[in-house]
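Open the model in your viewer and keep the selection panel at hand. We will make a few stops, one selection at a time.

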Amino acid sequence: MKPIVILGIFVADTAYRADRMPKMGETILGTSFALGPGGKGSNQAVAAAMAAGPGRPVHFITRLGRDDFAQIARSTWGRAGVVEDVTEDAESYTGAAFIFLEAATGNNAIIVSPGAAARISVADVEALAALIAGASVFVTQLEQPVPAALRALQIARGAGVRTILNPAPAADLPDAMLALCDFATPNESEAEALTGIAVTDVASAGRAAEALMARGVGAVVVTLGGNGALYVDGSRKVHVPVISAGPVVETTGAGDAFNGGFAVALAEGREVIEAVRFGCATAGISVTRAGTAPSMPARAEIEALLARG
């Protein structure tokens, strides 16, 4: 069975909660701390592996240092069933993120240091060209260097592999790169950053999707948070409402859950709107739980939610 292959980064999320941010030179006491797995590519790989179950392998291409945070990555992937394709980088470190959470509001400030993942190269990608070319679906984002993502998309498209670009964080991309993407999956802010069209509702999401398609993307899924997702291709626009699985606990990682579930459904040959619904169900369960990778649902949970209609 052809694998799903995902290129991206892993970072260890270090989250500190306190009443306020300290001033320069000041030390204050926090109220909580959490250490966990992060990075969009890694989260999407975990989501896909959990949604696929044991029948279809999910490979994750990245770089790690040789340190304790790398062990967090490997433990996370091992529990989910992700197959790692890792370049170990002894000259760098595994990426990490400092996340400050304001206790009263939940507002955050974040510093990301990608470390070894910032050194993912075209050569790394070309070394795994056969894996990418043999995939059922290839997925990437924009947290790793763009040249590596571009080369991987070229390899996948050249082999007839379906390609998904989750353009996060939004970046200025050449039309030639967008033309390699069967699907782009921006959220509202990313769609606006890429097109200049403010996305405030389903109608404006449709206009932004059309602008992306005019630049070469095959089809677009704009994820709309609590308003579900909008699918647009050359012949139709279909709004898929949110699929609720219960009270929302945390929305962090919902987009990654959607992309992982969407990729699995496409790999299984589901009709594209059904694939969007599968992705929405995956995200709908993830937001009922805290965390990113730890919140990703198992295949049976997604199927049960969809069966409830």
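Strands here are DSSP runs of type E with at least two residues, and helices are runs of H or I with at least four, numbered from the N terminus. This is a predicted model, so local features need pLDDT of at least 70 and side-chain atom pairs count only at pLDDT 80 or more, while totals for chains, interfaces and linings use all residues. Residues are numbered from 1 along each chain as its sequence is written, and side-chain values use heavy atoms, leaving out hydrogens and water.

**Stop one: a loop**

Select D89. It sits in the loop between strand 5 (82-88) and strand 6 (94-102). Is D89 buried or exposed? It counts as buried, because its relative accessibility is 4%. (Buried means under 20% relative accessible area, exposed over 50%, partly exposed in between, with a 1.4 Å probe and protein chains only.)

Now add R63. The side chains of D89 and R63 make a polar contact at 2.8 Å. (Such a contact is a pair of N or O atoms within 3.5 Å; within protein, one must be able to donate a hydrogen and the other to accept it, and residues adjacent in sequence count only if both atoms are side-chain atoms.) Then show E91. Its backbone nitrogen is 3.1 Å from a polar atom of the D89 side chain.

**Stop two: an open sheet**

Select strands 3, 2, 6 and 7. In that order, these four strands form an open sheet with mixed pairing. Strand 3 and strand 7 (108-115) are the edges, each pairing on one side only. (Two strands pair if DSSP finds at least two bridges between them.)

Zoom in on strand 2 (residues 11-18). Seven bridges pair it with strand 3 in the antiparallel sense. Pick T14: its bridge partner in strand 3 is L35.

Stay on strand 3, residues 32-38, and pick F33. F33 counts as partly exposed, because its relative accessibility is 48%.

**Stop three: an enclosed strand**

Move to strand 11 (residues 219-223). Five of its five residues are buried, so the rest of the structure largely encloses it. Color the two faces: A219, V221 and T223 lie on one side, V220 and V222 on the other.

Next, show strand 10 (residues 183-184). It pairs with strand 11 in the parallel sense over two bridges. Here A184 has V220 as its bridge partner.

Finally, add strand 12 (residues 229-232). It runs antiparallel to strand 11, joined by four bridges. V222 stands opposite L230. Strands 11 and 12 form a hairpin with five residues between them. In the turn, click G225: its phi is positive, about 60°.
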